[in-house]
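Trainee: I have a structure to go through before lunch. Can we take it contact by contact?

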Amino acid sequence: MLGKHVTHSLSAYHHGELPADERTRVEQHLQACGACRTADERIRFGLRLASMLSLSTAPDIVIEDNGARVLLQSKPWRWVFAVSFLAAVAIVIVVLRMNVAPLPAWEVSGVSGKDRLRPGEVLQTDASTSAQVKIANIGQLRVDPNTQIRLLVTRSDEHRIALDRGKVEATTWSPPRLFIVDTPSARAVDLGCKYTLEVEEDGSSLLHVTLGLVALDRGGRETIVPAGAFCRTRSGAGPGTPFFEDSSVEFQEALARLDSLNEGLDRTRQLEIVLRESHIRDALSLWHLLPRLDAQSRALIFDRLAQLLPPPPEVTRDGIVAMDPKMMEAWKKIVSQLWQ
Ligand SMILES: [Zn+2]
């Protein structure tokens, strides 16, 4: 049962101020209600922005106490609160401005003879040009040499381009899910704030997120790629398994082969390398592998993942092998801290 909307409880939820039963109700409702999930993503976005800003602005204070040096942390919550409030105000202003003004063309600089990009138009750079494009009033796009983009949609609730080939770097300051890039192999949905996306001649692509989160979507299945992680997509196959940039070369190579191979002995061999080479942050990849592989592989993944990030007591090996939704959800709460 869906019950009452939970938007009014989300702030308290994120600050850990709700009693346990209300927490559970919020979590269950968020799974079922798209409207509240969108509101929740906007709050998370504000908090992420706030934590990034507060890390760089809040000074730590060192005092001398009877000859011993004591580090006093400045009050981070006060900063987080102040900055998330400002971020929320900024988002509201952006949203209001977008609703009053239709935005028919995007500003372009760096390409001779083209200073506007309108819906339906193509922007192409040659081997020696790169362009800067304003994503309406919500962000900035750097278009690298030898790149072709098309502006598909620009309106208050959606800004969408197609990246046919080449590479772009997107930086946005909008609420999540407003800016979308279609590639031949997947759709990149911006959840805020900064990433590069490159499309090869064969239609495959490589996403690298540098700040915030991006969702790669194909046929309704979403892969969340957090800051510091890469994800490859292949034409006709959709998103591969995301991995953090600090994972070992052996890990990355085995993961790429695992993504491209069908069931069989060689795939089991690659999985063994992936598991052997995995460290705590690689739980991101292991988690995303679970639903992609067969039951026998899931049992092997369970064993390694349980060493890296132990599941809560109610989660069993058999349950994860069978992809029991309740157990998956319970463990995901722990594992997903890597990308929240
Ligand atoms: Zn709701």
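What follows is a short round of questions on a predicted model.

Trainee: Which atoms coordinate the zinc ion?
Mentor: Donors must lie within 2.8 Å of the metal. The ones found here sit at 1.9 to 2.4 Å from the zinc ion. They are His5 (ND1), His29 (NE2), Cys33 (SG) and Cys36 (SG).

Trainee: What arrangement do the four donor atoms make around the zinc ion?
Mentor: Four donors count as tetrahedral if all angles lie between 85 and 135 degrees. Around the zinc ion the angles run from 100 to 119°. So the arrangement is tetrahedral.

Trainee: What spacing do the donors of the zinc ion follow along the chain?
Mentor: Read the donors as His5, His29, Cys33 and Cys36. Their spacing is H-x23-H-x3-C-x2-C.

Trainee: Is Cys36 buried or exposed?
Mentor: Buried means under 20% relative accessible area. Another zinc donor, His29, is at 2% and counts as buried. Cys36 has 1%, so Cys36 is buried.

Trainee: On to charges. How many salt bridges does the count come to?
Mentor: The rule asks for a side-chain nitrogen of Lys or Arg within 4 Å of a carboxyl oxygen of Asp or Glu. By this rule the count is 20.

Trainee: Which residue forms a salt bridge with Glu27?
Mentor: Look along helix 2 (residues 20-32), about one helical turn from Glu27. The partner is four residues away in that helix. Glu27 is buried at 16% relative accessibility, while the partner is partly exposed at 30%. The closest N and O atoms are 3.7 Å apart, and the partner is Arg23.

Trainee: How many residues apart are Glu107 and Lys134?
Mentor: These two form a salt bridge, with the closest N and O atoms 3.5 Å apart. Glu107 is in strand 3 (residues 106-109) and Lys134 is in strand 6 (residues 131-135), so the pair links distant parts of the chain. The separation is 27 residues.

Trainee: Are Glu107 and Lys134 buried or partly exposed?
Mentor: Partly exposed lies between the 20% and 50% limits. Glu107 has a relative accessible area of 40%. Lys134 is at 38%. Both count as partly exposed.

Trainee: How far apart are the closest N and O atoms of Arg160 and Glu158?
Mentor: Arg160 is buried, at 16% relative accessible area. Glu158 is buried too, also at 16%. They form a salt bridge, and the N to O distance is 2.6 Å.

Trainee: Which residues are linked with Arg160 in a network of salt bridges?
Mentor: Start from the salt bridge between Arg160 and Glu158. The network adds further charged residues to these two. Linked with Arg160 are Arg155, Asp157, Glu158, Asp182 and Arg187.

Trainee: Which residue is the bridge partner of Arg155 in strand 9?
Mentor: Strand 8 (residues 148-155) and strand 9 pair in the antiparallel sense over seven bridges. A hairpin of two residues joins them. The partner of Arg155 is Glu158.

Trainee: Why is strand 9 largely enclosed by the rest of the structure?
Mentor: Strand 9 covers residues 158-172. Buried residues are those under 20% relative accessible area. Strand 9 is largely enclosed because the number of buried residues, of its 15, is eleven.

Trainee: In which sense do strand 9 and strand 10 run?
Mentor: Strand 7 (residues 139-143) pairs with strand 9 in the antiparallel sense over five bridges. Strand 11 (residues 187-199) is antiparallel to strand 9 as well, over six bridges. Strand 10 (residues 179-182) joins strand 9 by four bridges, with Ile161 opposite Val181. Strands 9 and 10 run parallel.

Trainee: Last, the rings. How is the aromatic pair of Phe230 and Phe243 arranged?
Mentor: The whole structure holds three aromatic pairs. In this one the centres are 5.7 Å apart, with 20° between the planes. Planes under 30 degrees apart meet the cut-off. The pair is stacked.

Trainee: Which residue lies over the face of Phe244?
Mentor: A charge must be within 6 Å of the ring centre. Here the distance is 4.0 Å. The residue is Arg281.

Conventions: Residues are numbered from 1 along each chain as its sequence is written. This is a predicted model: local features need pLDDT of at least 70, side-chain atom pairs count only at pLDDT 80 or more; totals for chains, interfaces and linings use all residues. Side-chain values use heavy atoms; hydrogens and water are left out. Buried means under 20% relative accessible area, exposed over 50%, partly exposed in between (1.4 Å probe, protein chains only). Donors are N, O and S atoms within 2.8 Å of the metal (3.2 Å for Na, K and Ca); water is not among the atoms, so sites may look incomplete. Four donors count as tetrahedral if all angles lie between 85 and 135 degrees; four count as square planar and six as octahedral if opposite donors are over 155 degrees apart and all others between 65 and 115; anything else is irregular. Rings of Phe, Tyr and Trp (its six-membered ring) pair if their centres lie within 6.5 Å; planes under 30 degrees apart count as stacked, over 60 as edge-to-face and the rest as tilted. A charge sits over a ring if NZ of Lys or CZ of Arg is within 6 Å of the ring centre and within 35 degrees of the ring normal. Two strands pair if DSSP finds at least two bridges between them.
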